[in-house]
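Hi everyone, thanks for making time for this. Could you pull up the structure on your screens so that we can walk through it together?

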Amino acid sequence: MIPSIHKPGSNTAGAIGYLYRTGRGHEAHTDPHLVASLDSLAPDPARDPEATFKQLANYLDLPVQAVDPSERPSRHVWHCSVRTAPEDPTLTDTQWADIARRMVHATGIAPEGDDSACRWIAVRHADDHIHILATKVRQDGTKPRDSYSYKRAQAEARQIEADYGLRRVTPGDGTAAKRPTRAETEKAHRAGRARTPREQLRATIRTVVAVSTSPEEFFHYLAGSGMQVEILRFPSGDIRGFKVALDGDTNAQGQPIWFSGSTLAPDLSYPQIRARLSAIEPAASISRQSNPWHQATAATERIPHHLAGTDDAAAQAHITAFAEALDALPLHAPANLRPQLRQAAIAFERASRSRIQADHQHARALRAAIRTIARQPVAGDGAGLAMFLDAAVLAVIAIQRWHSSRHHDQQVAATHQTLLHLQASYGTASAAPLAVLTQRTPPQQTVQRWEHLIHQAVPTHADQIVTDPIWPALATTLTNAQAAGHDPTRLLHQAADQRTLDDARSPAQVLTWRLQRLAQRPAPSPLARAAMARSAPARQGVASSAASAPQPPSTNSAPNHRRNR
């Protein structure tokens, strides 16, 4: 259940007219009627043929008109809508009346048993919601005690959900972006827009941030993004902020409707954007010879390691940078993948923020790697994108676990939705490159040799790997690595030791992509391979001596875990 307290108004009759209006532009309004009021004196124009909207407005405005004009609030109309979830059962008028009374009590508009409370009405014009209107002058001429009414309404909604068996809405932490207002949504619908200007501007700015490497570049790209931009400056000339407007989105006077970055989302204020764009590794530090998708994948694979530490500010920085990667992906992805990738980015936007302040300097390398793929179209069979998405799925699982351990309930729900979209995207992106590898399966004798190696290198997951339909593709990858001059045994151990495979739905696919990336590195020269071969027996001898040596008693019986790079 979602209660929304709208901006206060000054026209009681106009608000009532909206609630009762039907027909063109208000097709969703069906059978508008009163379900509750402060007392039984409120007239209902929908049920009483002699009642009028003016009489209902006069009923609400009577306490306002009774006080001295100098003491009347300029915006005296209090408006709260309460909506159930689509999967909730349809409530009766009696149930909605009870909910309305609980809401005005909780918010301080009309405490239960208070004979001098504000006058209010609850109108139902759809199955799934009601609107509560009140005038903010009590019948004794004083003002209601409605401070923090939004938080109090949310708390009461959680209790109503439990009492009525409705869908439980996860509580927030105050870092969510503001939802479009009812007026914005209806205006977008009339204009034939799928999204409101607020949502469209937010998504565009997030994408511009994701591809920018400096504040100057951010404003350059923003100016060419198809929106109106105005930079705000201090008297000194320094930039203090910016505001944007969508072309064609105007008010009644024909003027552009402006939004500052901070009103679109808490992390889109100019100071927040500047802090992020000032924490990027210089381009010179990024190897020009390496595949940018491999670099970004390697950086993404390290996210679970950063989240497993004790530095929450560093962890939040990597989550914020990862969100930029998702914002950038749809730019160069194949057309059939863009809708799912956009949905993943939109869903993860809520998971990218928390009350924990990010120390963006910790995510410099990840943010720089993201910029490389933001400027690199997906080439060939899309193996680079599939490889990145495979790592991204494991990163989101780790992020979900991190948020859950800190009781960030809305962020956990957002990561769950993100995961569904990323897994669907990965399934589509990986089909072609994995099919190519599967078609090149080596001879059976070679496959058996790789199967034996898998049992040695990753015994915990070996049975799952060799029975996976992707196993032929992994066998091909090992064969290709050997043909390129790599030691398959060393390479497989390195791939298995990079990150745990416990969260992977298909360890075979994870190893395939890791091996492909590792095999792209230059193979050791013959002299280097000879040196490694000579050093192997020495290492084994040291390990054997250590194993046979007496061990001191230990109180720590926890098993060793794979090392994290």
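Let's start here: in which sense do strand β3 and strand β5 pair, and over how many bridges? Strand β3, residues 77-83, and strand β5, residues 129-135, pair in the antiparallel sense over seven bridges. By "pair" I mean that DSSP finds at least two bridges between the two strands. Take W78 as an example: the bridge partner of W78 in β5 is A134.

Before going on, a bit of housekeeping. This is a predicted model, where local features need pLDDT of at least 70, side-chain atom pairs count only at pLDDT 80 or more, and totals for chains, interfaces and linings use all residues. Residues are numbered from 1 along each chain as its sequence is written, and side-chain values use heavy atoms, with hydrogens and water left out.

Now the overall picture. The chain has 22 helices and eight strands. Those are DSSP runs numbered from the N terminus: H or I over at least four residues for a helix, E over at least two for a strand. Buried residues make up 47% of the 565 residues. Buried means under 20% relative accessible area, exposed means over 50%, and partly exposed is in between, with a 1.4 Å probe and protein chains only.

Back to the sheet. Five strands form an open sheet in the order β1-β3-β5-β4-β2, and the pairing is antiparallel. At the edges stand β1 (2-5) and β2 (33-37), each with a single partner strand, so one side of each has no neighbour in the sheet. On average, neighbouring strands here are turned by 25° against each other, direction ignored. What holds strands together in general? Strands of a sheet pair through backbone hydrogen bonds, either parallel or antiparallel.

Next, look at helix α4, residues 149-164. Helix α4 lies across β1 and β3, running at about 165° to β1. For angles like that, axes are lines fitted to C-alpha atoms, for helices over the stretch in contact, and the angles run from 0 to 180 degrees between N-to-C directions.

In the loop between β5 and α4 you'll find D146. Is D146 buried or exposed? D146 is buried, because its relative accessible area is 13%. Setting aside residues up to four places away in sequence, D146 touches W78, T107, I109, K136 and R152; contact means heavy atoms within 4.5 Å. So there's our W78 again, now touching D146.

The loop between β5 and α4 also holds Y148. Y148 is exposed, with a relative accessible area of 66%. Its phi is near 55°, a positive value in a residue other than glycine. Why point that out? Most residues other than glycine have a negative phi, and most peptide bonds are trans. H407 is another case, with phi near 60°. You'll see H407 in the loop between α15 and α16 (409-439), and it is exposed at 65% relative accessible area.

On to the cores. A nonpolar core is a set of buried Ala, Val, Leu, Ile, Met, Phe, Trp, Tyr and Cys residues joined through side-chain atoms within 4.5 Å. In the largest one, with 77 residues, F322, L329, L422, I454, W471 and L511 touch the most other members. Helix α15, residues 383-405, gives the most to this core, with 15 residues. Apart from it lies another core, of 26 residues, including M103 and I132.

Let's zoom in on W471. Leaving aside neighbours within four places in sequence, W471 is in contact with V447, W450, E451, I454, I465 and V466. V447 sits in helix α17, residues 444-457, and is buried at 8% relative accessible area. V447 and W471 are 24 residues apart in sequence and 9.3 Å apart in space, C-alpha to C-alpha.

One more residue to find: T479, in helix α19, residues 471-483. T479 is partly exposed, with a relative accessible area of 23%. Beyond its neighbours within four places in sequence, T479 is in contact with P442, T446 and W450.

Last stop, the cysteines. How many disulfides does the structure hold? Zero, where a disulfide is a pair of cysteine sulfur atoms within 2.5 Å. C80 is buried at 1% relative accessible area, and C118 counts as buried at 0%.
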